[in-house]
Each structure stands twice: as structure tokens, then as C-alpha cells.
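Welcome, and please have a look at the model below. The notes that follow walk through some of its local features.

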Amino acid sequence: AEDTRQCERTAFSFYCAVREQLPVWLLEDMRSMEVFCWEDGRPRPFLPSEALLYALVHNHQDYARYLLNTYSVSALRAPRCSFCCLRSSGAPHLNVAVRYDRVSILGMMVEVLKDCDTQAERQEYLDSCSGCSHVADAGKTAVQLALELSRPDCLQLLLVHGATPDGLDTALQTLVSCDASQRRCAQRCLDFLLLFLPKPPPCHHLQDKPQHWQSLLGNEVFSWLCGLAPPPLLLQALRCLARSGPHQISMLPDFLQPHSCQ
């Protein structure tokens, strides 16, 4: 019991050190020599992937960059759940980055995923849903969480780097239920999702309240989502630009931003 408490004390001290944005070299000395977790009846060193979660929560960008540059994809390995000892698939770090809106660190992580051995492995990281019910945001992909929380910059990074554009119903529900202060971000999220959808799934339920949805989406987007018309011309033109890089759309003048294709 005393060993377990000692592990908890060292982990908390490390958490505080990351929160205080202490230098990277000092944090790595702590992680490799002083910080321990209790696992399978014995202490073990704190993993880089666990340290990266702390860096994400406290937005310690220098430490996150060091961990990703040094340990590459292994820094994104899912830690074991302390409640059930299961290890999730994929990278819960992506969801944490979206939850805390850590756009810079998310950009570092999706770049590191290019080091995956196979495209299938990379896709698993990008599209994973946690298999453990004890993990925050379990059952949601990073894309779905970005749509739910109206995180357009996170969403665009994920989509540009190959995450599956799944979650149209979530995007529509967020748009219709958010308050006025979130409306612009929710609209941008829907716009980005539409740019990466090869073909929208049937949305016939939109026709239950056509005037309401037309006012939110515009006539052309509404008709396209209902399967009544082809995608708007501007939307088609912007697709190639959106997929060429995360900053291309934001550099356009306002009248050419995706919301204008309605």
C-alpha cells in the first residue's frame, strides 16, 4: 500500500511539474528516473504516452514536441485503463487534443502519424473509438468529438490528414442545438465536413422541417443533403483546395469561405 501511495505521489508531482511548464530536460529527468506507476503489482516507469497526455492537458507544446520527435508513434500508444487494465486501440491523445482544443499539438501528432508502418495502422489511430467505457469520450472518434464540441480548426487538421469524414448527423444536431455564440464555429465544422464528404448519406429527415433547415443550411446545401440536387458549384470547387492543406481555406477572402456556398 505504501508503494502504491508513493507511485501516486510521484505521478502527482510530475503532473504539477508539467502544469508549471518546467523545462523539457527537467521533465524528462523526472519521467525517466523519479516518476512511477503501479501496474500488475509492481512499480514501472512513467511512459512517454502518459507524459504526452499531461502535456496535452496543460498545453506544454515544447514537451509535446520533444516526446513526439523522440518517441514518434509510440508516444501515441494508448495507456492501460487504471480501472479495468484494458488497453484501448488507436490514440486517445487525439480525442484529448480535441477536448482541450490543443490545435498546435494536434498538428504535431497527425504529422507523426505519417511514420506509421502501414496506412491501415495510421487510419486506426485517426479513426479509433476507445473500446474501454472508463475512458473519457469513449465510443467517439476525434472527428465526431470535434463536431460535437464545435472545434473547426481541430476538425480541419484531422480531415486533411485522412480521418474519415463521419458524423454528419452530429454536425447537423450541433448546429441546430447550439446557442448563438457557438453558431459560427458549428457552421464552420459542418462546412469542413461537407468539403470532405464524397457523398452525403441520405438526410430525408431534413424534409420534416424544410423551412427551418433551409434557413440554417441555405437552399442549395439543403437540396443536396436531401438528394434533390447536385452539390453547389462553389462547394465542388473548394474541395480540391481544402484537401491540399489545412491552411488553404483559411487564406481565402471571406466571400469565398465555405459558408458562402449555401
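Asp101 is partly exposed, at a relative accessible area of 38%; buried means under 20%, exposed over 50% and partly exposed in between (1.4 Å probe, protein chains only). This is a predicted model, in which local features need pLDDT of at least 70, side-chain atom pairs count only at pLDDT 80 or more, and totals for chains, interfaces and linings use all residues. Residues are numbered from 1 along each chain as its sequence is written, and side-chain values use heavy atoms, with hydrogens and water left out.

Most residues other than glycine have a negative phi. Here are some with a positive value; helices are DSSP runs (H or I, at least four residues) numbered from the N terminus.

| Residue | Phi | Place |
|---|---|---|
| Ser72 | near 50° | loop between helix 4 (61–71) and helix 5 (92–99) |
| Asp101 | about 60° | loop between helix 5 and helix 6 (103–112) |
| Ser150 | near 55° | follows helix 8 |

Helix 8 (residues 142–149) has 7 of its 8 residues buried, so it is largely enclosed by the rest of the structure. Its cover includes helix 5, helix 9 (152–160), helix 10 (168–177) and helix 11.

Now to the interior. The largest nonpolar core (buried Ala, Val, Leu, Ile, Met, Phe, Trp, Tyr and Cys residues joined through side-chain atoms within 4.5 Å) has 78 residues, and Leu106 is among those with the most contacts inside it. Helix 11 (residues 183–196) gives the largest share, 8 residues. Beyond neighbours within four places in sequence, Leu106 is in contact (heavy atoms within 4.5 Å) with residues including Leu94, Val98 and Leu157.

Conventions: Helices (H or I, at least four residues) and strands (E, at least two) are DSSP runs, numbered from the N terminus.
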